[in-house]
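Colleague: I have a model open and want to learn to read it. Where do we begin?

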Amino acid sequence: MNILITGGTGFLGRALVKHIMDKKGVRHNVYVLARNEKKLIDMRNEFRCGIICGDVRDYECLQESFSDKRIDIVIHAAALKRIDVCQENPFEAHKTNVEGTINCIKACKEMGIVLCFVSTDKACMPCTTYGATKYLAEQLVRREAEYTNFRGFVVRYGNVLDSTGSVLSIWNEQYEKAGIV
């Protein structure tokens, strides 16, 4: 099976690549699509996975990448996920989290590829830009899967200890500096 992970150089993406590549008795071709060149090279060196320097905001890039590698499933983990950054940059959050997801849906639907959209617990009754963009992206994936021939689904997860931007890391830093949270 050919698996492509958008945002594959991030905390979750790295963990997914490691998990998939470590599976005993099963061999998948794993490709990582991300924007950061250094992190892509690090991924290739560490995991021996395929790398694609690209952006989910670029539909043509997704089309080309999906067809060139004959992808069977896309795990769409690319996102702007820091709540503070999304609050300060709502247009950028929308471009990546919503428009990037629309691009993934369109490219996957066009090529008959399964899409696993990675969302967040912040999408439940959202009160932040991050949560709102992820909620909207969830609804787009669900609607397409329900009313068209698109094969897609949504998974949600919450705060992960020591992940990039985790509130737990912030609280730990506050406690170390001031002795309080």
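Modeller: Begin with burial. This is a predicted model. Of the 181 residues in the protein chain, 41% are buried.

Colleague: What pattern does the protein chain follow along the sequence?

Modeller: Count the elements, then read their order. The secondary structure comes to 7 helices and 6 strands. Along the sequence they run β-α-β-α-β-α-β-α-α-β-α-β-α. The radius of gyration is 17 Å, close to the 16 Å from the globule rule for 181 residues, so the protein chain is as compact as a globular protein of that length.

Colleague: What share of contacts between residues at least 6 apart joins residues at least 24 apart in sequence?

Modeller: That share is 64% in the protein chain.

Colleague: Now one residue. Is T128 buried or exposed?

Modeller: Compare its relative accessibility with the cut-off. Buried means under 20%. T128 has 18%, so T128 counts as buried. T128 sits in the loop between β5 (114-120) and α6 (129-147).

Colleague: Which residues is T128 in contact with, leaving aside neighbours within four places in sequence?

Modeller: Those are I83 and Q87. Check the polar side too: the T128 side chain reaches the backbone nitrogen of G131 at 3.0 Å.

Colleague: And the surface? Which residues form a nonpolar patch there?

Modeller: L168, I170, W171, Y175 and V181 form the patch. Together they have about 490 Å² of accessible area. Take L168, in helix α7 (residues 167-178). L168 has a relative accessible area of 33%, so L168 is partly exposed. For the whole protein chain, about 10200 Å² is exposed, and carbon and sulfur atoms supply 53% of it.

Note on methods
Residues are numbered from 1 along each chain as its sequence is written. This is a predicted model: local features need pLDDT of at least 70, side-chain atom pairs count only at pLDDT 80 or more; totals for chains, interfaces and linings use all residues. Side-chain values use heavy atoms; hydrogens and water are left out. Helices (H or I, at least four residues) and strands (E, at least two) are DSSP runs, numbered from the N terminus. Buried means under 20% relative accessible area, exposed over 50%, partly exposed in between (1.4 Å probe, protein chains only). A polar contact is a pair of N or O atoms within 3.5 Å; within protein, one must be able to donate a hydrogen and the other to accept it, and residues adjacent in sequence count only if both atoms are side-chain atoms. Contact means heavy atoms within 4.5 Å. Patches are made of residues with over 30% relative accessible area and no salt bridge: like charges are joined within 9 Å, nonpolar side chains (Val, Leu, Ile, Met, Phe, Trp, Tyr) within 5 Å. Accessible areas come from the Shrake-Rupley method with a 1.4 Å probe; for residues, only the protein chains shown count as cover. A salt bridge is a side-chain nitrogen of Lys or Arg within 4 Å of a carboxyl oxygen of Asp or Glu. The radius of gyration is taken over C-alpha atoms; the globule rule is 2.2 Å times the number of residues to the power 0.38.
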